[in-house]
Structures are given as structure tokens and as C-alpha cells.
Amino acid sequence: MDIHKIMSYLPHRYPFLLVDRVIECEPGKRLVAIKNVSYNEPFFQGHFPGEPIMPGVLIMEALAQATGLLASESAPDILAGKNFIYYLVGLDKARFKRPVVPGDQLQLQVEYLRHKRNIWAFACRAEVDGEFVASAEIMCAAAEAEH
């Protein structure tokens, strides 16, 4: 999935679109995406000067965006091309192991766990060069957009 298809599913735009490409997708099962981490990212100016580190909350946001892509591919009749927005509603068991720095390629792995009505749950993991960076269970909900 290239950036154009990603942008057709996600409402995020620069500087908050945190998924660059999807490299694997099995609808209803799993998705693997990448985020290329560049020194030019706006958050590096203040996090931290002299020792740039990608904020953990943005790693979680990138994983949440990847869940939106898997949900969109898994239920296109519900989410794709309709007047829906996909909200982060839960983040459990978040863990961080190592920092993500400029030049890293963050691999975002999401695995479908379950869904009930409009709530979706995923097991998520982020890696750099095969090394564990962060993980969490993420829940999101599809809701009709108000505009």
C-alpha cells in the first residue's frame, strides 16, 4: 500500500501522518507498515535538543494509525470511503525498550485480536532492525463523522 492509498484511509496529514508504506497486509489478520524516521521531523527540535529521540506517544500514534489501515482493509464496507472517523479509545500494556532516533526505520506490526460492534482491538509491536522498541494493545472505534 503506497502513501496515496494510506491517505485515502487515514485523515491525518503532515506532520501527523506517521505511516509511510504498508509492506504486508492480510485483511482480518495482520498488517506490517513502516515509518521512516528523519532528522527533519518537527518534534526533534524540542525532543531533545542535542539528543533527538522520537516521543513514545508518537510511536503509539504510528501503531494506532496502522491499526486504522488494517481495520479499513478488513471492513471496507464499514470504514472506507464513508463518513466515518477512526478514534483511538484505549491503550493497554504499553511498553518501551529502546529509543527511536533519526535514521531509524520503524516497523509497525499490528495483529487483529477482536472486534465488537464498532470497537476494534489489536496487539501492536514496533521494531527497528528486528529489535523490539515498543508494544501495546490498542483499541479503536469507528464513529460517524459530524461534518
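Student: Which residues of the largest nonpolar core touch the most other members?
Tutor: In this predicted model, they are Met54, Leu106 and Leu108, out of the 39 residues in that core.

Student: Which elements give two or more residues to this core?
Tutor: Two helices and four strands do: helix H1 (3-9), helix H2 (56-74), strand E2 (30-36), E4, strand E5 (119-128) and strand E6 (131-144). The largest share comes from H2, with 10 residues. As a general point, nonpolar side chains in soluble globular proteins tend to be buried together.

Student: What does Leu106 touch, beyond residues up to four places away in sequence?
Tutor: Leu106 touches Met54, itself one of the core members with the most core neighbours. The other contacts of Leu106 include Ala33, Ile34, Lys35 and Val37, as well as Ile59 and Val100. Ala126, Glu127, Val128 and Val133 are also among them.

Student: Let us turn to the sheet. In what order do the strands lie?
Tutor: The order is E1-E2-E4-E5-E6-E3, in an open sheet of 6 strands with antiparallel pairing.

Student: Which strands stand at the edges?
Tutor: E1 and E3 do; each has a single partner strand, so one side of each is left without a neighbour in the sheet. With direction ignored, neighbouring strands are turned by 25° against each other on average.

Student: How many bridges are there between E1 and E2?
Tutor: There are 5 bridges between strand E1 (residues 21-26) and E2, and the pairing is antiparallel. Within this pairing, Arg21 has Ile34 of E2 as its bridge partner.

Student: And what lies between those two strands?
Tutor: E1 and E2 form a hairpin, with 3 residues between them. Gly28 is in the turn and has a positive phi of about 80°.

Student: How many bridges join E4 to E5?
Tutor: E4 and E5 are joined by 10 bridges and run antiparallel. In that pairing, His115 stands opposite Trp120 of E5.

Student: Speaking of Trp120, which residues form an aromatic cluster with it?
Tutor: Tyr112 and Phe122 form one aromatic cluster with Trp120. The count of aromatic pairs comes to 4. In one of them, the ring centres of Tyr112 and Trp120 are 6.2 Å apart and the planes are at 70°, so this pair is edge-to-face. Tyr112 and Phe122 also form an edge-to-face pair, at 6.4 Å centre to centre with 75° between the planes. That pair links distant parts of the chain, since Tyr112 is in strand E4 and Phe122 is in strand E5, 10 residues apart.

Student: Is Tyr112 buried or partly exposed?
Tutor: Tyr112 has 25% relative accessibility and therefore counts as partly exposed.

Student: And are Trp120 and Phe122 buried or exposed?
Tutor: Trp120 counts as buried because its relative accessibility is 4%. Phe122 also counts as buried, at 1%.

Student: A last topic: where is Asp104?
Tutor: Asp104 is in the loop between strand E3 (84-96) and strand E4 (105-116).

Student: Why does Asp104 count as buried?
Tutor: Its relative accessibility is 11%, and buried means under 20%.

Student: What does its side chain reach?
Tutor: The side chain of Asp104 reaches the backbone nitrogen of Val101 at 2.9 Å. Leaving aside neighbours within four places in sequence, Asp104 is in contact with Lys35, Asn36 and Val37, with Arg98 and Pro99, and with Val128. Lys35, Val37 and Val128 are also among the residues that Leu106 touches.

Terms used
Residues are numbered from 1 along each chain as its sequence is written. Side-chain values use heavy atoms; hydrogens and water are left out. Buried means under 20% relative accessible area, exposed over 50%, partly exposed in between (1.4 Å probe, protein chains only). A polar contact is a pair of N or O atoms within 3.5 Å; within protein, one must be able to donate a hydrogen and the other to accept it, and residues adjacent in sequence count only if both atoms are side-chain atoms. Contact means heavy atoms within 4.5 Å. A nonpolar core is a set of buried Ala, Val, Leu, Ile, Met, Phe, Trp, Tyr and Cys residues joined through side-chain atoms within 4.5 Å. Two strands pair if DSSP finds at least two bridges between them. Rings of Phe, Tyr and Trp (its six-membered ring) pair if their centres lie within 6.5 Å; planes under 30 degrees apart count as stacked, over 60 as edge-to-face and the rest as tilted. Axes are lines fitted to C-alpha atoms, for helices over the stretch in contact, and angles run from 0 to 180 degrees between N-to-C directions.
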